[in-house]
Amino acid sequence: MSERRARIWAGIDAGKGHHWAAVVDETGATLWSKKIANDESAILTALGEILELGDEVHWAVDISGTSSALLLALLVAHGQQAVYVPGRTVNRMSGAYRGEAKTDARDAYVIAETARHRRDFATIGVPAQLAADLALLTAHRSDLVADRVRMINRLRDVLTGVFPALERAFDYSAHKGALVLLTGYQTPAAIRRRGRARLTAWLANRAVRGADVVATTALEAAQAQQTALPGEDVAAQIVADLAAQILALDDRLKRIDKQIRETFRSHPQAEIIESLPGMGPILGAEFVVAAGDLTAYADAGHLASAAGLVPVPRDSGRRTGNLHRPKRYSRRLRRVFYMSAQTSIIREGPNRDFYLKKRGEGCKHVQAVIALARRRASVLWALLRDGRVFTSAPPVTQAA
């Protein structure tokens, strides 16, 4: 146990409160296996003990998110590099070893053994400050958007129970004036008592665009329902509270969108990324976060493959040409390319022309958008490689 090895493999089953690390040698024998608290002093102590076991240490981690952020930062600070072993791979590999137990120690051992047998895992790098800021901002924005959708669904559900005509009258996800109306008036009787003229003035004083149209629509809905339903007063309070929360959430989203835009545009390649039609600052920031270091992609095909835009064959015997969507890819990166492709076809240009060409070939809408997204991945990779912005006309080929 005290003999120093030339090469060892350290597998770490990362967690929020603690990690479990296991170290194996070239024969697969376990040299070291301990529980490590997710604390700087505990990680540094374990790091020193592991480095004493071998001249060359290969690190592998099954989580590359916030749970392992401190661990990865300390590894990089001490000149160590870790690879990412996906949880799906750990789950599959655990079946190749004896026993059916599921423990942190066994998972750490499987991670170390998997890293010992395979050399094709992606290296985990600690993101630069700009990328880390964008990752936090975009993740926070996604949470706020999810909260907004949940609140709107709840508001529509409660409003349907007491005032279904008003619930049908507006699209509350895109109509700010309707939300402002609900902060003051939620029942048919209250809207009828207020009247059109005074309701219009009330909305106009709160900077509602088209206040007269909103007031007229609300009054028509109120005239269509003369019956007061049970629980109307309590439901009105809930609707008013939800409407106020959604309006406040919209203001928060505007502020964070502005912060993301300013942070993204300080990126050295922001102008190139944003020049691609359909790729605004929000999607551009998500691309920077999801793609990571672009030097990791040898060509455009690798970038498209990471986004799940390249089909994989599932052939067997005489059954050939059986292509399917891959199972292992970055969902976030795929979403960036898909959403930007779908946005780009709204306006005239090469993106819309390519989409219409695919539709003419018999592709359905989703298939055509995915084909366009695959083409755009190659274009974006070439733009970033050459350091130039997108132009509708292709560049002139120069003779060698």
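Two strands count as paired if DSSP finds at least two bridges between them, and the helices (H or I, at least four residues) and strands (E, at least two) named below are DSSP runs numbered from the N terminus. The model is predicted, so that local features need pLDDT of at least 70 and side-chain atom pairs count only at pLDDT 80 or more, while totals for chains, interfaces and linings use all residues. Residues are numbered from 1 along each chain as its sequence is written, and side-chain values use heavy atoms, with hydrogens and water left out.

**Exercise 1. The sheet**

Work out in what order the strands of the six-stranded open sheet are arranged, and which strands stand at its edges.

Solution. Step 1: strand S2 and strand S3 pair in the antiparallel sense over seven bridges, with Val23 having Trp32 in S3 as its bridge partner. The hairpin that these two strands form has five residues between the strands, and Gly28 in this hairpin takes a positive phi near 90°.

Step 2: strand S1 (residues 5-13) and strand S4 (residues 54-61) pair in the parallel sense, over seven bridges. Two positions can be checked in the model, since Trp9 has His58 in S4 as its bridge partner, and Ile12 stands opposite Val61 in S4.

Step 3: S4 also pairs in the parallel sense with strand S5 (residues 82-84), over three bridges, and here the bridge partner of Val61 in S5 is Tyr84.

Step 4: the open sheet, whose pairing is mixed, therefore reads S3-S2-S1-S4-S5-S6. Strand S3 (30-37) and strand S6 (123-124) each have a single partner strand, so one side of each is left without a neighbour in the sheet.

**Exercise 2. A helix across the sheet**

Determine which handedness the β-α-β unit of S4, helix H2 and S5 has, and which strands H2 lies across.

Solution. Step 1: a crossover is right-handed if, with the strands pointing away from the viewer, the path from the first strand over the helix to the second runs clockwise. The unit made by S4, H2 (residues 69-77) and S5 is right-handed.

Step 2: H2 lies across S1, strand S2 (18-24), S4, S5 and S6 (contact means heavy atoms within 4.5 Å), and runs at about 150° to S4. Axes are lines fitted to C-alpha atoms, for helices over the stretch in contact, and angles run from 0 to 180 degrees between N-to-C directions.

**Exercise 3. Domains and cores**

Explain why the largest nonpolar core lies between two domains, and identify the helix that gives the largest share of it.

Solution. Step 1: the chain is divided into domain 1 (3-125), domain 2 (131-260) and domain 3 (267-384), with bounds that come from an automatic or database domain assignment. The C-alpha centres of domain 1 and domain 3 lie 33 Å apart.

Step 2: a nonpolar core is a set of buried Ala, Val, Leu, Ile, Met, Phe, Trp, Tyr and Cys residues joined through side-chain atoms within 4.5 Å, where buried means under 20% relative accessible area, exposed over 50%, and partly exposed in between (1.4 Å probe, protein chains only). The largest such core has 79 residues, and those with the most contacts inside it are Leu166, Leu203, Phe287 and Phe337.

Step 3: helix H11 (residues 232-264) gives the largest share of this core, eleven residues. Domain 2 and domain 3 both give residues to the core, so it lies between them.

Step 4: apart from it lies another core, of 23 residues, including Leu53 and Leu74.

**Exercise 4. A covered helix**

Establish how many residues of helix H13 are buried, and which helices they pack against.

Solution. Step 1: ten of the eleven residues of H13 (residues 281-291) are buried, among them Glu286 and Phe287.

Step 2: these buried residues pack against helix H5 (129-162), H11, helix H12 (270-275), helix H14 (300-306), H15 and helix H17 (365-386). Just after H13, Gly292 takes a positive phi of about 70°.

**Exercise 5. Two loop residues**

Decide whether Thr187 and Arg328 are each buried or exposed.

Solution. Step 1: Thr187, in the loop between helix H7 (176-184) and helix H8 (188-194), counts as buried at 10% relative accessibility.

Step 2: Arg328, in the loop between strand S8 (323-324) and helix H15 (331-344), counts as exposed at 57% relative accessibility. Leaving aside neighbours within four places in sequence, Arg328 is in contact with Arg88 and Thr89.
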